[in-house]
Amino acid sequence: MSEVRIAAEPRTEFGKGASRRARRAGKVPAVLYGHGTEPRHLNLPGHELMLALKTPNVLLRLEGLDKDNLALPKSVQRDAIKGFLEHVDLLVVSKGEKVEVEISVNLVGEIKGAGVLTQELVTVTVEAEATHIPEGIEFDIDGLEIGTVVTAAELKLPAGSILVTEPEAIVLNVSAPRVEEEGASEGEAAEGETAASAAE
């Protein structure tokens, strides 16, 4: 579990104009909430925050407030065209607390034969301790054959994690190549044309 220390400063100006000024100064407006406390409005350093957010479910230790705060990014807004950070919602967490997060499902290995692998879920939701959130799950697809269907219940979760996603949810399946079906259709079409010519 990655923890990144990042400077935070209380935000005293509000509104779109204040947000634009903050972004021009290289800062990102943020709201910190949770644990029944009043939401706190902050400015965070844009470059450092952008680097931190490259790690899924990164744990941020906010410094420079009345006390250090551990927080998880819960909602990140980016500019649709340029991609820069516009706003971040942060959830206060504490050691030992359980939180629900999405973690990636990473496939390793190769399926057997000429089957076509389709990954239906690239992430699953789990409950884990806030300070021990797994970065992802690896699932070995080596040797899987056509007709195989893998559900969320079959994933081996990291210790201390509980599956929240529906156990019956399909994570991946291996199907027969569509090329064969297209080939058969073409063959049937050709036979139809031959029959039509003979009839004429």
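Two strands count as paired when DSSP finds at least two bridges between them. Keep that rule in mind as you tour this predicted model, and start with a sheet that uses it.

**Stop 1: the four-stranded sheet**

Select strands 11, 8, 10 and 13. Together they make an open sheet, with the strands in the order 11-8-10-13 and with mixed pairing. At its edges are strand 11 and strand 13 (162-163), each of which pairs on one side only. Now zoom in on strands 10 and 13: they run antiparallel and are joined by two bridges. To see one partnership, show Glu-127, whose bridge partner in strand 13 is Ile-162.

**Stop 2: the whole chain**

Zoom out and colour by secondary structure. You can look for three helices and 14 strands. The chain has 200 residues, and 34% of them count as buried. If you consider the contacts with a separation of 6 or more, 62% come from residues 24 or more positions apart.

**Stop 3: the seven-stranded sheet**

Next, select strands 1 to 7. These seven strands form an open sheet, in the order 1-5-6-7-3-4-2, and the pairing is mixed. Its edge strands are strand 1 (3-7) and strand 2 (9-10), each pairing on one side only.

Inside this sheet, pick out strand 3 (residues 27-34) and strand 7 (residues 85-93). They pair in the parallel sense, over four bridges. Click on Tyr-33 and look across to strand 7: its bridge partner there is Leu-91.

**Stop 4: a residue in strand 4**

Move along to Asn-43, which lies in strand 4 (residues 37-45). Is Asn-43 buried or exposed? Its relative accessible area is 12%, and buried means under 20%, so Asn-43 is buried. Show what surrounds it: leaving aside neighbours within four places in sequence, Asn-43 is in contact with Ala-7, Ala-8, Glu-9, Arg-11, Ala-22, Lys-27, Val-28 and Pro-29.

**Stop 5: the nonpolar cores**

Now turn on side chains. The largest nonpolar core has 24 residues, and Val-93 and Leu-144 are the ones with the most contacts inside it. Which elements give two or more residues to this core? They are strand 6 (69-78), strand 7, strand 8 (98-108), strand 10 (123-129), strand 11 (136-140) and strand 14 (170-175). Strand 8 gives the most, with four residues.

Centre the view on Val-93. Not counting residues up to four places away in sequence, Val-93 touches His-35, Leu-59, Leu-70, Ala-71, Leu-72, Val-99 and Ala-130. Then select Leu-32, Val-58, Leu-60 and Val-88: they are included in a second, separate core of 19 residues.

**Stop 6: the largest pocket**

For the last stop, switch on the surface. The largest pocket has a volume of about 220 Å³. To find its lining, select Leu-53, Thr-55, Pro-56, Asn-57, Val-58, Leu-72, Pro-73, Lys-74, Val-76, Arg-78, Val-101 and Glu-102. Strand 6 and strand 8 are the elements that give two or more residues to this lining, and strand 6 gives the most, with five residues.

Try colouring the lining by residue class. How many residues of each class does the lining have? There are seven nonpolar, two polar and three charged residues.

While you are here, click on Val-58 once more: this residue lines the largest pocket and is also part of the second core.

Notes:
Residues are numbered from 1 along each chain as its sequence is written. This is a predicted model: local features need pLDDT of at least 70, side-chain atom pairs count only at pLDDT 80 or more; totals for chains, interfaces and linings use all residues. Side-chain values use heavy atoms; hydrogens and water are left out. A nonpolar core is a set of buried Ala, Val, Leu, Ile, Met, Phe, Trp, Tyr and Cys residues joined through side-chain atoms within 4.5 Å. Buried means under 20% relative accessible area, exposed over 50%, partly exposed in between (1.4 Å probe, protein chains only). Contact means heavy atoms within 4.5 Å. On a 1 Å grid over the protein atoms alone, a cavity is a set of points where a 1.4 Å probe fits but cannot get out, and a pocket is an open set with protein on both sides within 12 Å along at least five of seven lines; lining residues have an atom within 4 Å of a point. Grid points are joined across faces, edges and corners, and a volume is the space filled by probe spheres set on the points. Ala, Val, Leu, Ile, Met, Phe, Trp, Tyr, Cys and Pro count as nonpolar, Asp, Glu, Lys and Arg as charged, and the others, Gly among them, as polar.
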